[in-house]
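Trainee: I have a new model open and would like to learn how to read it. Could we go through it together?

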Amino acid sequence: VDGKLSNAHVASAQERYGISERAVRRRWSECKEMVNQEPAKLVIPESRRKFCGAKSKYDKEQLRADIAALPAEQKTSYSVIARAMNIPKSTLVGLNVVDAKEVNECRNNAKDVKNEYRESL
C-alpha cells in the first residue's frame, strides 16, 4: 500500500492483461500521477499488438485459393510456388499460407514421376 504496487499484484496484472512487469508498473505510476498521488485503479487499454507492423499486401485466403489452383508440378517448393505466383518467398513463409505437408507430397510425387520417366528410357 502507500501507493506502492506489491509483487503479487504485479504478477496478477501481468497474467490478467498479458503484459510485462515494466508495463504494469508504468501504468500504475501513470495512474498515480493522474490522481495526484492518491491510490488509483490500474487501467490498461485493450491490447494494440494486432495493429502493429507493416500491413500485408496480400489476402491470406486469396493466396491459399491461388496456391490450391496451381498444378502439382508448381508446388514442389516454396521457391517454385513463389515464382509461379510472382510474389516473394518470404511472404509465403511469413503469412503461413502454404502447408508444408502439401509441398512435401508434391515434391515426392514429382520425384516419383521423374524416376518413372528415367526408368522408361
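Mentor: Gladly, and let us start at a loop: Asn86 sits between α4 and α5. Helices (H or I, at least four residues) and strands (E, at least two) are DSSP runs, numbered from the N terminus. This is a predicted model, where local features need pLDDT of at least 70 and side-chain atom pairs count only at pLDDT 80 or more, while totals for chains, interfaces and linings use all residues. Residues are numbered from 1 along each chain as its sequence is written, and side-chain values use heavy atoms, with hydrogens and water left out.

Trainee: What is the sign of phi at Asn86?

Mentor: The general idea is that most residues other than glycine have a negative phi. Asn86 is not a glycine, yet its phi is positive, about 60°.

Trainee: Is Asn86 buried or exposed?

Mentor: Buried means under 20% relative accessible area, exposed over 50%, and partly exposed in between, with a 1.4 Å probe and protein chains only. Asn86 has a relative accessible area of 70%, so it is exposed.

Trainee: Which helices and strands does the chain have?

Mentor: There are six helices and zero strands, so from the N terminus on you read α-α-α-α-α-α. Of the 121 residues in the chain, 23% are buried. The chain exposes about 9700 Å², with 49% of it supplied by carbon and sulfur atoms; such areas come from the Shrake-Rupley method with a 1.4 Å probe, and for residues only the protein chains shown count as cover.

Trainee: Which residues form the largest nonpolar core?

Mentor: In soluble globular proteins, nonpolar side chains tend to be buried together. A nonpolar core is a set of buried Ala, Val, Leu, Ile, Met, Phe, Trp, Tyr and Cys residues joined through side-chain atoms within 4.5 Å. Here the largest one has 12 residues, including Leu63, Ile67, Ile81, Met85, Leu92 and Val97. At least two residues each come from α3 (60-69), α4 (78-85) and α5 (89-95), and α4 gives the most, with three. Apart from this core lies another, of five residues, among them Leu5, Val10, Val24 and Trp28.

Trainee: What does Val97 contact, leaving aside neighbours within four places in sequence?

Mentor: Contact means heavy atoms within 4.5 Å. By that rule Val97 is in contact with Lys60, Leu63, Arg64, Ile67 and Leu92, leaving aside those neighbours. Across the chain, 39% of the contacts with a separation of 6 or more are between residues 24 or more positions apart.

Trainee: How do Thr91 and Lys89 compare in exposure?

Mentor: Thr91 is in helix α5, and its relative accessible area of 15% is why it counts as buried. Not counting residues up to four places away in sequence, Thr91 touches Tyr58 and Leu63. Lys89 is also found in helix α5, but at 44% relative accessibility it counts as partly exposed. Beyond four places in sequence, Lys89 touches Tyr78, Ser79 and Ala82. The C-alpha atoms of Lys89 and Tyr78 are separated by 6.2 Å, with their positions 11 residues apart along the chain.

Trainee: Where does Ser77 lie?

Mentor: Ser77 is in the loop between α3 and α4. A polar atom of the Ser77 side chain lies 3.2 Å from the backbone nitrogen of Val80. Leaving aside neighbours within four places in sequence, Ser77 is in contact with Val103 and Arg107.

Definitions and conventions
Polar contact = N/O pair within 3.5 Å; in protein donor to acceptor, adjacent residues only side chain to side chain.
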